[in-house]
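Visitor: Could you take me through one small spot in this protein and then work outwards from there? I'd like a close look at a single side chain and its surroundings.

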Amino acid sequence: MNYFDRYIASQKSCEDLNTLATHQTVAATALFLAIKLHSTSCEICEEDTNSLRGRALSKILYGSPKPQDILDMEMNMLEGLDWYVNPPTLHDFALMFSKLHPISDVCNESGSYLYETTRYQVELAIFIPELLANFKSSVIVYAALKNAEEKIYAENPVILTEEGKPSHSASRLHLSVMVDPTKVTQCQIMLKRVCHQLPDLDYFSDNDRNVSNSP
């Protein structure tokens, strides 16, 4: 999904992307790239592997798109993504930032909520193409984390004593990620458009998940 969303968002004109066939080709190529980058190595030579994977993927998709269409789109996609095909994903940043946030050390439930709510927002971010096109993944995730942080502090002010407030705030995390505050604020506003109301603090408690063992 990362490759697909970024490639679609990078296209200045939508004229060539407004057909189902083209979207299928782009989606299949994004999956093809992900398989090539993250699948385990095998003894077949790279040239044969590419050909076999292209044919296999085309067969799974019932022959549409054709293997050659996938291979042709592959170069277009790589150039459209400026060859940045193995960066940390939005979910990777969500997990890392949540672990870095000091609130996770103070309250395990709040730390878990921080991660889950941040991840929830970045999953909705795919509905805002301009967000993915104009802001780095780290900025988008940090903005989502700030929104989640605001929700926690608004509904559970006890966690923020006057002594603890400076250390619990995401401002300490800001020193680690070094993001532009103006861009973060812009991202927060855009995320709130698609996610008008964040889940309640106990929404994820029944999932019995923890930041430390989240995938």
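What relative accessibility does methionine 96 have, and does that count as buried, partly exposed or exposed?

Guide: Keep in mind that this is a predicted model. Methionine 96 comes out at 39% relative accessibility, which makes it partly exposed, because the partly exposed class sits between the cut-offs of 20% and 50%. You'll find methionine 96 in helix H5. If you want a landmark outside its immediate sequence neighbourhood, try tyrosine 115: 19 residues separate the two along the chain, and their C-alpha atoms are 9.1 Å apart.

Stay in H5 for a moment. Phenylalanine 93 and phenylalanine 97 both belong to this helix, 4 residues apart, or about one turn. The search for aromatic pairs turns up 1. That pair is formed by phenylalanine 93 and phenylalanine 97, with ring centres 5.5 Å apart and planes at 50° to each other, a tilted arrangement. The angle is called tilted because stacked needs planes under 30 degrees apart and edge-to-face needs over 60. Both phenylalanine 93 and phenylalanine 97 are buried, whereas methionine 96 is partly exposed.

Now slide back along the chain to the loop that joins helix H4 (67-80) to H5, where aspartate 82 sits. Its backbone deserves a glance: phi is positive, about 55°, even though this residue is not a glycine. Aspartate 82 has a relative accessible area of 53%, so it counts as exposed, the cut-off for that class being over 50%.

H5 also takes part in the largest pocket. It is one of the helices that give at least two residues each to the lining, along with H1 (2-10), H7 (108-124), H8 (129-134) and H9 (137-155). H1 has the largest share, with 5 residues. The pocket holds about 640 Å³ of space, and 26 residues line it. If you'd like to aim for its centre, look for Asn2, Arg6, Leu132, Phe135 and Ser137, the lining residues nearest to it. Sorted by class, the lining has 14 nonpolar, 7 polar and 5 charged residues.

Two of those lining helices, H7 and H9, are worth visiting for their charges too. The whole model has 4 salt bridges. One of them is in H7, where glutamate 116 meets arginine 119 with the closest N and O atoms 3.0 Å apart. The partners are 3 residues apart in that helix, about one turn, and both are buried.

H9 has a bridge of its own: the side chains of lysine 151 and glutamate 155 come together at 2.5 Å, N to O. These two are 4 residues apart in H9, so about one helical turn separates them. Their surroundings differ in exposure: lysine 151 is buried at 14% relative accessible area, while glutamate 155 is partly exposed at 40%.

H9 reaches further afield as well. Glutamate 150 forms a salt bridge with lysine 192, the closest N and O atoms being 3.4 Å apart. This one ties together distant parts of the chain, since lysine 192 belongs to helix H12 (residues 181-194) and glutamate 150 to H9, 42 residues away. Both ends are partly exposed: lysine 192 has 40% relative accessibility, and glutamate 150 has 37%.

That takes us towards some cysteines. Cysteine 187 is buried at 0% relative accessibility, and cysteine 195 is buried at 6%. If you were hoping for a disulfide, a search of the whole structure finds 0.

Finally, zoom out. The protein has 12 helices and 0 strands, and the pattern along the sequence is α-α-α-α-α-α-α-α-α-α-α-α. Of its 215 residues, 41% are buried. Phenylalanine 93 and phenylalanine 97 are in that buried group, but methionine 96, where you started, is partly exposed.

Methods: Residues numbered from 1 in each chain as written. Predicted model: local features only at pLDDT ≥ 70, side-chain atom pairs only at ≥ 80, totals over all residues. Heavy atoms only, no water. 1 Å grid on protein atoms, 1.4 Å probe; cavity = no way out; pocket = protein on both sides within 12 Å on 5 of 7 lines; lining within 4 Å. Points joined across faces, edges and corners; volume = space filled by probe spheres on them. Nonpolar A, V, L, I, M, F, W, Y, C, P; charged D, E, K, R; others polar. Phe/Tyr/Trp six-rings, centres within 6.5 Å; stacked < 30°, edge-to-face > 60°. Buried < 20%, exposed > 50% of the residue type's maximum accessible area, 1.4 Å probe, protein only. Disulfide = S-S within 2.5 Å.
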